[in-house]
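User: Let us go through this model together, taking its surface, its charges and its helices in turn. Please reason briefly before you give each value or name.

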Amino acid sequence: KDLSAKLNDDDIEKVLLRIDAVNKVKRLKLANCVNITGAGLEPLWGSLIIEQIDLSLVGEHQNPIIYPEPPISCNHVLPILDSVIASE
């Protein structure tokens, strides 16, 4: 949990590019990554492989109020998810 809280979009993007995630990753778990906007998911654009992405910010039965408010943005995440759905 500590490492996930330190990750940012650049970290996520570099790893996804390095492992060719668009062609290889079926499930991506980024739970507790409270410092990402979602821009780092760009390498997944149009993936035909990805089946599940976990962007949960808190664990089950945990208080959903996070301070400061996480920077995750629908403006970054939704177009990427839409591209995945459209590619099916």
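User: Does Glu-51 count as buried or exposed, and at what relative accessibility?
Analyst: This is a predicted model, in which local features need pLDDT of at least 70 and side-chain atom pairs count only at pLDDT 80 or more, while totals for chains, interfaces and linings use all residues. Residues are numbered from 1 along each chain as its sequence is written, and side-chain values use heavy atoms, with hydrogens and water left out. Buried means under 20% relative accessible area, exposed over 50%, and partly exposed in between, with a 1.4 Å probe and protein chains only. Glu-51 therefore counts as exposed, its relative accessibility being 53%.

User: Which residue forms a salt bridge with Glu-51?
Analyst: A salt bridge requires a side-chain nitrogen of Lys or Arg within 4 Å of a carboxyl oxygen of Asp or Glu, and a search of the whole structure finds 1 such pair. It links distant parts of the chain, 24 residues apart, with Glu-51 in the loop between E1 and E2 and its partner in strand E1; here helices (H or I, at least four residues) and strands (E, at least two) are DSSP runs, numbered from the N terminus. The partner is itself exposed, at 52% relative accessibility. The closest N and O atoms lie 3.8 Å apart, and the residue that pairs with Glu-51 is Arg-27.

User: How far from Asp-9 is the nearest side chain of opposite charge?
Analyst: Asp-9 has its place in helix H2, residues 9–18. For charge, Lys and Arg count as positive and Asp and Glu as negative, while His and the chain ends are not counted. Asp-9 is buried yet has no salt bridge, since the nearest side chain of opposite charge, that of Lys-14, is away by 12 Å.

User: Which residue has its backbone nitrogen reached by the side chain of Asp-9?
Analyst: Contact means heavy atoms within 4.5 Å, and, not counting residues up to four places away in sequence, Asp-9 touches Asn-35, Ile-36, Thr-37, Gly-38, Ala-39 and Gly-40. A polar contact is a pair of N or O atoms within 3.5 Å; within protein, one must be able to donate a hydrogen and the other to accept it, and residues adjacent in sequence count only if both atoms are side-chain atoms. The side chain of Asp-9 reaches, at 2.9 Å, the backbone nitrogen of Gly-40.

User: What arc do the buried residues of H2 cover around the axis?
Analyst: In H2, the buried residues are Asp-9, Ile-12 and Leu-16. With the arc taken from the directions from the helix axis to the C-beta atoms, they are on the same side of H2 because they cover an arc of only 65°. Lys-14, Leu-17 and Arg-18 are exposed on the other side of H2, whereas its buried residues pack against E1 and helix H3 (21–24). The arc asked for is thus 65°.

User: How far apart are the end C-alpha atoms of helix H4?
Analyst: The expected span of a helix is 1.5 Å times one less than its number of residues. Helix H4 (residues 74–87) has 14 residues and should span 20 Å, which agrees with a separation of its end C-alpha atoms of 19 Å.

User: Within what arc do the buried residues of H4 fall?
Analyst: Cys-74, Asn-75, Ile-85 and Ala-86 are exposed on the other side of H4, while Val-77, Ile-80, Ser-83 and Val-84 are its buried residues. Seen down the axis of H4, these buried residues line one face of the helix, because they fall within an arc of 130°.

User: What is the relative accessible area of Trp-45?
Analyst: Trp-45 lies in the loop between strand E1 (27–29) and strand E2 (52–54). Not counting residues up to four places away in sequence, Trp-45 touches Val-22, Pro-79, Ile-80 and Ser-83. Trp-45 is partly exposed, its relative accessible area being 44%.

User: What separates the C-alpha atoms of Leu-48 and Ser-83?
Analyst: Leu-48 is found in the loop between E1 and E2 and is exposed, at 63% relative accessibility. Leaving aside neighbours within four places in sequence, Leu-48 is in contact with Val-22, Ser-87 and Glu-88. Leu-48 and Ser-83 are 35 residues apart along the chain, and their C-alpha atoms are separated by 9.6 Å.
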